[in-house]
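Me: I am new to this structure and would like a close look at a single part of it. Please take me through that part step by step, and connect it to what lies around it.

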Amino acid sequence: MPLRDLALTAVFAVLLLMVFKHPAMGAYLWAWLGLMNPHKLTYGFAFTFPFAQVTALVTLLAVLFTKQKQKLPINGIVVILLLMVGWMTLTSFFAIAPREDVIDRWVFVMKIQLMLLVTWMLVCDARQLRILVWVVTLSVAFYGIKGGVWTVVTGGGGRVWGPPGGLLQGNNELAVGLTMLMPMLYFLRQTSESKWVRHALLFSMGSCFFSIVGTQSRGALLALGAMTFFLGLKGKHPVRSSVTLLVLMVAVIGFMPETWSGRMSTIKTYQDDTSAMSRIWTWITLYNAAVDRPLVGAGFVADNAVVFARYAPIHEPYRIFAGSVYVAHSIYFQMLGEHGFVGLFLFLLLGLTTWITAGRLARRTRDDPEFGAWMPLLMRMVQVSMIGYAVGGAFLSLAYLDLPYYIMGFVVLSDALTRSRARQVSRAGQVGVHPAPPARAQADLGWRGR
């Protein structure tokens, strides 16, 4: 048996057993398996073993019997997400695609959303939130670090790809995922106690920069630029951070060969790029479907022959694509085409609410003795991540990717923490008892305000 398969299975078994004692471990394990797909890096029996399904089953069983959980946190983000999930379920009844394909896609999306809600119930305190940030970030950053080293070694001549078998498998998708996680790496570095950990995270950020550029993704280049601008703006030291990131970005781009520059230059001449024109053709098709069915759209799996035969434009210059079927290549047109204008509205409202809530929490906890050292920065980095997703996702079918929903979850859980803290203070004030010293609690959690 391959040693890699045995090692992964042994680690998985140990972590799975820990779920019964520490149910939050199930949430971490699910995030790791879903984002990193470590079993797809093996070559034997582990490659096809249903690690994620086993984890979900054990975690759901643990949720039923454990007291180490909280009620599902309810705020604007959660309400809108539940409405969106409900609407996607409703549109499935009116989908144009074959029923079995629609059901498969619905089950896939609902599994992600269900485990997301379970995660929000199991992650109950600041320490557990911190661990979740680490798990989510490093699960994807692993490929950024590996890809960055590969880009340097090959002189930018090899294209970087993501984890096999997942939604981040493609070069474009991985680039957007890494762009979203760069702010989280920055946050972890700023709040880490260890000097060596901070050095390692700085190396990881540099590697991810090289990896994003090394994917040779044109959409990700735009997302990287937007993310870099906002990361400097939202960082602890805006001027210094902006200059440093700009220099790093210029240096990385300058390192790439002429073939890379030639590919990026097609952004300005998209009319001569068949790939770009096929995306525009697909966007028009999905828009036509939404106009014809404004409430429910075409339903899940709009990338099917019936939808394109009915709604695709046939005039020049799109005649060459007649008979073809493409995925949406845009989170916005994906939601519009599959779930109508209502679905797109809820999707946009979800992102906007996340941004507003994160900003409100950053301001509210700025001078908080317990959360002020880390929560404002985390909330600002969430905003930067959402910018990366909003820009990079404009060119990719990543509306159902779990990564942005995890990042939204950081806001949901932070909001729940502040509400819980406020209730504790209120109760302590009513009975004349002061809560535990914030400084001690902060030290116990290991957060480092810098």
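Reply: Setting aside the neighbours within four places in sequence, Q128 is in contact with A24, Y28, L122 and V123, as seen in a model that is predicted. Q128 itself lies in helix α6, which covers residues 126-153, and because buried means under 20% relative accessible area, Q128, at 17%, counts as buried.

Two of those contacts, A24 and Y28, lead to helix α2, which is made of residues 24-36. Both A24 and Y28 are among the buried residues of α2, and that list also includes M25, G26, A27, L29, W30, A31, W32, L33, L35 and M36. With 12 of its 13 residues buried, α2 is therefore largely enclosed by the rest of the structure. As to its length, the 13 residues of α2 should span 18 Å at 1.5 Å a residue, and its end C-alpha atoms are 18 Å apart, which agrees. After α2 comes N37, whose phi is positive, near 50°.

A contrasting setting is found in helix α3, residues 51-65, where L57 lies. L57 is exposed, since its relative accessible area is 53% and exposed means over 50%. Together with L61, L64 and F65, L57 makes a nonpolar surface patch of about 480 Å². A general point helps when looking at helices: an α-helix has 3.6 residues a turn, so residues three or four places apart point the same way.

Note on methods:
Residues are numbered from 1 along each chain as its sequence is written. This is a predicted model: local features need pLDDT of at least 70, side-chain atom pairs count only at pLDDT 80 or more; totals for chains, interfaces and linings use all residues. Side-chain values use heavy atoms; hydrogens and water are left out. Helices (H or I, at least four residues) and strands (E, at least two) are DSSP runs, numbered from the N terminus. The expected span of a helix is 1.5 Å times one less than its number of residues. Buried means under 20% relative accessible area, exposed over 50%, partly exposed in between (1.4 Å probe, protein chains only). Patches are made of residues with over 30% relative accessible area and no salt bridge: like charges are joined within 9 Å, nonpolar side chains (Val, Leu, Ile, Met, Phe, Trp, Tyr) within 5 Å. Accessible areas come from the Shrake-Rupley method with a 1.4 Å probe; for residues, only the protein chains shown count as cover. A salt bridge is a side-chain nitrogen of Lys or Arg within 4 Å of a carboxyl oxygen of Asp or Glu. Contact means heavy atoms within 4.5 Å.
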